[in-house]
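The exercises below concern a single protein chain. Each gives a task and then a worked solution in steps.

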Amino acid sequence: DLLGEPMTPIEQLIGKGAKQITMDAVPIEDVSVYACADADMTFRLVQKLSPMLEDKELRPLFQDMEMPLVRILGDMERVGVRIDRPYLEALRKELHDLATKMEKEICQLAGETFNLNSPKQLAVILFEKLKLPVIRKTKTGLSTDEDVLTKLSDKHPLPKRLMDYREIQKMQSTYVEALLEAAKGDEDRVHTSFNQTVAATGRLSSSSPNLQNIPIRSELGRRIRRCFIPKAGHILLSADYSQIDLRMLAHMSGDEAMCRAFRAGEDIHNATASEIFGVKRDQVTPELRRISKSINFGIVYGMSAFGLSQQLGISRQDAEQHIKNYFERYPGVTTWIEKTLESARKDGFVRTLLGRIRYLPEINSQNGAVRGFAERTAMNTPIQGTSADAIKVAMIRLAKEQVEQRWRGTMLLQVHDELVFEIPRDAAKDTQRTIKTVMEEALKLSIPLVVDLKSGQNWAEMTALKL
């Protein structure tokens, strides 16, 4: 109207010459047109989508969870998390020097200088010069990916060294450089973006920079985490749901043995090893526990016998026997999986406990591989999705408790099943207790939710807390 023109739909605005639908790309004289078009299209979408929320029984999830979470995530993004810039700059130099040194070593192992980042040149070195066996061919040539290099590592030192080199390069570019760039001109605080509608399970994701995928098991990953620090007078607090996916499986399946182990506060991997290998709890060896841990999480993620055999380095027959023993000892899980798959095939979707829907159009596909993926997704989504819903409920309740001054501090990050806070030293004990209680009471289940607390002066070096 200010331009003397009627309100223009967004698609017409694009046709008028706006380069892309972002405010910074719209000429100043078209801002009012853009705003009206944006509001117009949003209004039309509301009229279309709102009845669908009612039809699909999704109104409570949208209104009571996702929308309140928008403000909370906005606050977290605005506050950001502090980084130790001098430490990170020193790490950048160290990694650069290490990568340069490793590049020379790899070329010496190859007997010539070549471009380590060129798959074509690397293939020549591995398969023509060093005569290593070809593992896999692709449309573009011989594969040199991580899986191939892993399988070649016991035949020559070059593949393993190259994997180490690649990890250093990834850490340097994906994390060190990205974090330093992201914190420019902002008093050493990094502001990630949390995405509510990216992961199909309902989990939050993080981008620009991604703070959820920093490895925790590798030494380099821990050194990256070391750069995240609290502001003066504060500590970092990590509150992490313990084995939440397996707890969700126990609750949903109602399996007696699994629920009994969780109610008794047992180590579930130790309990599973005892069940499937037929030994007493105190006779479970570290190796048996390792196998049972892989099986527990493999079941949650729909892992096949072949996948388990690859992960554990055992025969497929042994893997099949382990899975068979698992389902015999946990019959409730078997029944739940069968019912879940039957419902998914009938309805074409699965739901989380709080009603979140994931559609699975491929569940009845004639293609075995496509159908198998959909079946694994049908098993996994109710578990992972409910875990994601639980932490969102906890975040909303913690925000409410903070307004009511039940705890002091700031929620900084959500990383899968973990929340990271910056809390004042003088309020640490009361705040820790409140956070733990709220998170553990987020959902009422047949078995307890348990939250493990850690605190420290950086995200890598944290001490476990017992309240």
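The expected span of a helix is 1.5 Å times one less than its number of residues. The model used throughout is a predicted one.

**Exercise 1. Helix α2**

Task: Compare the end-to-end reach of helix α2 with the expected value, and find where the helix has a kink.

Solution.
- Step 1. Helix α2 covers residues 31-55, which is 25 residues.
- Step 2. From the first C-alpha to the last, α2 reaches 36 Å, close to the expected 36 Å.
- Step 3. The axis of α2 nevertheless has a kink of about 30° at Gln47, and the proline Pro51 follows shortly after.
- Step 4. Buried residues in α2 are Val33, Tyr34, Ala37, Asp40 and Leu53.
- Step 5. After α2 comes Glu57, with a positive phi near 55°.

**Exercise 2. Salt bridges across the sequence**

Task: Using a limit of 4 Å between a side-chain nitrogen of Lys or Arg and a carboxyl oxygen of Asp or Glu, state how many salt bridges there are. Then work through the pairs of Arg226, Asp188 and Glu422.

Solution.
- Step 1. Side chains of opposite charge can pair when their charged atoms come close.
- Step 2. With the 4 Å limit, the count is 36 salt bridges.
- Step 3. Arg226 pairs with Asp84, and their closest N and O atoms are 3.7 Å apart. Arg226 sits in the loop between α8 (219-225) and β7 (234-241), while Asp84 sits in the loop between β1 (81-82) and α4 (85-110), so this salt bridge ties together parts 142 residues apart in sequence. Arg226 has 22% relative accessibility and therefore counts as partly exposed.
- Step 4. Asp188 pairs with Arg85 at 2.6 Å between the closest N and O atoms. Because Asp188 belongs to the loop between α7 (157-182) and β4 (189-190) and Arg85 to helix α4, the pair ties together parts 103 residues apart in sequence. Asp188 is partly exposed at 25% relative accessible area, whereas Arg85 is buried at 18%.
- Step 5. Glu422 pairs with Arg189, with 3.4 Å between the closest N and O atoms. Glu422 is in strand β11 (residues 418-424) and Arg189 in strand β4, 233 residues apart, so the pair links distant parts of the chain. Both Glu422 and Arg189 are buried.
- Step 6. Glu66, Arg356, Asp389 and Lys392 form one network through salt bridges that share partners.

**Exercise 3. Packing of α5 and α7**

Task: Are α5 and α7 roughly parallel or roughly antiparallel? Identify the residues that make the contact.

Solution.
- Step 1. Two packed helices are described by the angle between their axes and the distance between the axes.
- Step 2. The axes of α5 (residues 119-129) and α7 come within 12 Å, crossing at roughly 155°.
- Step 3. Angles over 145 degrees count as roughly antiparallel, so α5 is roughly antiparallel to α7.
- Step 4. On the α5 side, the contact is made by Leu122, Ile125 and Leu126. On the α7 side, Leu158, Pro159, Leu162 and Arg166 take part.

**Exercise 4. Backbone angles in loops**

Task: Where is the cis peptide bond that joins Ser208 to its partner, and which loops hold Gln243 and His416?

Solution.
- Step 1. The cis bond lies between Ser208 and Pro209, with omega about -5°. Pro209 is in the loop between β6 (205-207) and α8.
- Step 2. Gln243 has a positive phi near 50° although the residue is not glycine. Its loop runs between β7 and α9 (244-253).
- Step 3. His416, also not glycine, has a positive phi near 60°. His416 lies in the loop between β10 (410-415) and β11, and is partly exposed with a relative accessible area of 34%.

**Exercise 5. Ile291 and the whole chain**

Task: Describe the surroundings of Ile291, then summarise the protein as a whole.

Solution.
- Step 1. Ile291 is part of helix α12 (residues 286-300) and is buried, at 8% relative accessible area.
- Step 2. Beyond neighbours within four places in sequence, Ile291 is in contact with Phe277, Leu312 and His322.
- Step 3. Gly74 is 217 residues from Ile291 in sequence and 41 Å away in space, C-alpha to C-alpha.
- Step 4. The protein has 17 helices and 13 strands, and its C-alpha trace spans about 75 × 60 × 60 Å along the principal axes.
- Step 5. Of the 467 residues, 46% are buried.
- Step 6. Among contacts with a separation of 6 or more, 63% come from residues 24 or more positions apart.

Key:
Residues numbered from 1 in each chain as written. Predicted model: local features only at pLDDT ≥ 70, side-chain atom pairs only at ≥ 80, totals over all residues. Heavy atoms only, no water. Helix = DSSP H or I, 4+ residues; strand = E, 2+ residues; numbered from the N terminus. Buried < 20%, exposed > 50% of the residue type's maximum accessible area, 1.4 Å probe, protein only. Bend = angle between axes of the 7 residues up to and from the residue. Axes fitted to C-alpha atoms, helices over the stretch in contact; angles between N-to-C directions. Parallel < 35°, antiparallel > 145°, perpendicular 65-115°, else oblique. Contact = heavy atoms within 4.5 Å.
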